[in-house]
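Colleague: I should like to understand the terms used for this model. Please set each one against its definition.

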Number of protein chains: 2
Amino acid sequence: MNAQQPFLSPLSAVIEEIQAFLGERIVTSLAEREQHGHGESYHATRMPDAVCYAHSTEEVSRIVKVCAHYGVPIVPFGGGTSLEGHVCALKGGICIDLSRMQRILAVRPGDLDATVEAGVTRQQLNTELRATGLFFPIDPGGESTLGGMAATRASGTNAVRYGTMRENVLSLTVVLADGQIIKTANRARKSSAGYDLTRLFVGSEGTLGIITEVTLRLYGIPETTSAAVCTFPDVESAVTSVVTIIQYGIPVARVELLDARTIMAVNRYSKMTLDERPTLFFEFHGSPAGVAEQVELTQSITEGNGALNFVAAADADARNALWKARHNVHYAMQAMRPNGRVWSTDVCVPISQLTPCITETEKDVLAASFFIAMVGHVGDGNFHLGLVVDPSSEAELAEAEALNERLVRRAIALDGTATGEHGVGAGKIKFMTLEHGAAVNTMRTLKMALDPQGILNPGKVLPDADV
Amino acid sequence: MNAQQPFLSPLSAVIEEIQAFLGERIVTSLAEREQHGHGESYHATRMPDAVCYAHSTEEVSRIVKVCAHYGVPIVPFGGGTSLEGHVCALKGGICIDLSRMQRILAVRPGDLDATVEAGVTRQQLNTELRATGLFFPIDPGGESTLGGMAATRASGTNAVRYGTMRENVLSLTVVLADGQIIKTANRARKSSAGYDLTRLFVGSEGTLGIITEVTLRLYGIPETTSAAVCTFPDVESAVTSVVTIIQYGIPVARVELLDARTIMAVNRYSKMTLDERPTLFFEFHGSPAGVAEQVELTQSITEGNGALNFVAAADADARNALWKARHNVHYAMQAMRPNGRVWSTDVCVPISQLTPCITETEKDVLAASFFIAMVGHVGDGNFHLGLVVDPSSEAELAEAEALNERLVRRAIALDGTATGEHGVGAGKIKFMTLEHGAAVNTMRTLKMALDPQGILNPGKVLPDADV
């Protein structure tokens, strides 16, 4: 720095240096910063100081190198659909928006895999795949990016059959905390060659590195698809049916629980006329004979558990309407209350513990002073509550927090987890020590080794040492 | 240390301190040390200075604490079936033999999971599971322990349908380099709560921690099982059939390639009369209708690719004879040459690259001066060569090494891996930088963070910094 230059704060220096190569794609307007300071959850907005729109892995690397040099925090941003405050810039700094990295780099039908940039959404990928007869099954709600889905170890309705992002990412390109670019693996379906870096970065929520490219497993579109809707007199008999189906080993592709309140919200929002009772949505994939077998077995199990009816929806229009309504549940809940905000929480327990966990949770749901809907990927032991709160009411937020805390403690006590698919973000940090015990220290050791300055998405995933 | 005590080397001090709580279960006899200095491979024996037989996680922790205090190396030992020198004590030190930790701690049929101590073998677990209608599918050759299988990310013949140890370990108990005990996860089928420690330790080959307990996924024994044997005029048409079957999405449970030389070795060793041509062994799992469909489709694909015949083996005795013969291939190769030793190597490539990889490799096999058999879990793109060498011949070892190096470089050039399931050990370290590039530095960072003294299985998985 020579005498003519005025003193620059680290942040100003970072912005100036990035501007030199990113031009107008680094933005500091209040509107852009505000938009990048929150996801779709109840968490308060925490704005970054600037937003960068990266177009390539190399640009991400250059941005990170500048931030690393000055020790300025970095928050990666994808579709903005986070539910646990992952994208809140708790310590300010630079938001790297990857949503414009939308190239599908390779589709390899012969290997049943594809490589995409981090900003590609699952919808975009599946549209691109139409001509190939292949599809990518992982489907969280919303227009999530595949990079964001990898970063949060997302899943969705198909996970009971196809697994989560953990099972379906073959390889990643990652920019490390010093700006170095690595590839975590080759494309072989299995390998014993060294540490599993792919799975270390999947679910690390931008705290160990920034995912810029993802290689994914693809699947053949099933020869036959069939759906069914099945209603029950109570949640318990619905859940018991699912537990039996899983224990029986029926390879259902999807099985979703919607409680009576969720069905009510869905009817209103999606203009449907479903019976407002606890309901299971099923989907079956396979050959015609295989699907027929699955449907028959499933119907017989649900009837044995007191189902009120079992309505098949074999044609594509009926199925699509059903799954579109299911995917819009978050927005249907939101619409139940003007100016309401959905506090969406999720837990996951071993399947044998699902009935006690849900039964106990229902008491809390019924006693709450605001609308709560329950919906879940129950085939995995995973379910969500949508607490529709008034975000300006401290009393409601406190009630929601207490209810959420009881739910998570209940799940962990049943050998389950604080989050099945939404991630830790800032919202579930306080449960990490309870869930993992001494292993939290091991996670912290990894974090300090890979990001010694603590600049990557600070304040997420891991509690500070003294918590 | 007071004046009466003679000076003790760190090693003597370690042995004395461990003896104080382990008694006769720490052994320094030449026979025990020799037996623990090698696996089942060509690698030269490298003896540890002492062997400890641990009975519990707590004992492993105490042993590690003593070794850590004095900076003495530790080599974990399971079934001794390693194929890449994993158990060679390259820097001496203490071998911890976990094979007596054989308790099955819990079987939970309702959750389709079980927790076992590290020394339990897959055969022992499956015997225990008989009454439950469940089984554990991962089946490397030999009497491997489940702890060792987790440590090497093992797989076997069922991986094409059920995945490898990567997909089938739910949680681990691990003793860290300082003796601390952690659990890597709860039993929920999916979780987004923090870094995936389970998969970090799976495949880390005892270099990041010592696995003492394993929680595994179980599966229902399929309602129907059927097998088939199919011969081909050449290896290429067999491989092309498999590629088509996988791309078609037929959920075969097993598909194994044995080349003509392997079949010859199998016939001799297992007293069978199989046609000595390139052969595929198939197994199909499912409902009666589902299996019939799979068999029919598979037969039609193999016939379309020039198969000479397709013989179903539906009854259990015929199937068991077939798979027993397959599992004994390593010993059948060994028996082809008095005093021969099998140099068993494995690579894995994307399935579309399997035909070129195997075709090119066959030229090397035919040109070799010793017997080589090829066998593979080809549904995953994974295959092995068994090079039956005279371990006292430097010329043969050099020829084998050169052939192995060409094979591995070929696989990596095709976006594959140096090892699909045997692991890196000491034998494949030299390919790690070629395969992973800069990511090797990331692995080294993790190793240094979790084992700063470098006492856990030194000389395995990662090349030294200057390689």
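Colleague: Why is the pairing of A:Arg254 with A:Asp139 called a salt bridge?

Modeller: The term requires a side-chain nitrogen of Lys or Arg within 4 Å of a carboxyl oxygen of Asp or Glu. In this predicted model, the closest N and O atoms of A:Arg254 and A:Asp139 are 3.2 Å apart. The pair therefore falls within the 4 Å limit. As to conventions, residues are numbered from 1 along each chain as its sequence is written, and chains are lettered from A and ligands numbered from 1 in the order in which they are written. Local features need pLDDT of at least 70, side-chain atom pairs count only at pLDDT 80 or more, totals for chains, interfaces and linings use all residues, and side-chain values use heavy atoms, with hydrogens and water left out.

Colleague: How many salt bridges are counted between domain 2 and domain 3 of chain A, and where do these domains lie in the sequence?

Modeller: The count between them is one. Domain 2 of chain A spans 102-218 and domain 3 of chain A spans 222-412; such bounds come from an automatic or database domain assignment. Their C-alpha centres lie 27 Å apart.

Colleague: What makes these two domains neighbours in contact?

Modeller: Contact means heavy atoms within 4.5 Å. By that test, 13 residues of domain 2 of chain A are in contact with 16 residues of domain 3 of chain A. The area buried between them, that is, the accessible area (1.4 Å probe) that two parts lose on being put together, summed over both, is about 1,000 Å², with carbon and sulfur atoms giving 50%. On the domain 2 side, A:Thr157, A:Val160 and A:Arg161 lose the most area, together 55% of what that side buries.

Colleague: Why is a set of 130 residues called a nonpolar core?

Modeller: The name denotes buried Ala, Val, Leu, Ile, Met, Phe, Trp, Tyr and Cys residues joined through side-chain atoms within 4.5 Å, where buried means under 20% relative accessible area (1.4 Å probe, protein chains only). The largest such set has 130 residues, and those with the most contacts inside it include A:Leu125, B:Met165 and B:Phe282. A second, separate core of 48 residues includes A:Leu280 and A:Phe383.

Colleague: Which residues does B:Met165 touch beyond its neighbours within four places in sequence?

Modeller: Among them are B:Phe136, B:Ile138, B:Leu146, B:Val202 and B:Leu216.

Colleague: Which residues of helix 10 of chain B are buried?

Modeller: In this helix, residues 260-270, they are B:Arg261, B:Thr262, B:Ile263, B:Ala265, B:Val266 and B:Asn267. A helix here is a DSSP run (H or I, at least four residues), numbered from the N terminus.

Note on methods
Buried < 20%, exposed > 50% of the residue type's maximum accessible area, 1.4 Å probe, protein only. Helix = DSSP H or I, 4+ residues; strand = E, 2+ residues; numbered from the N terminus.
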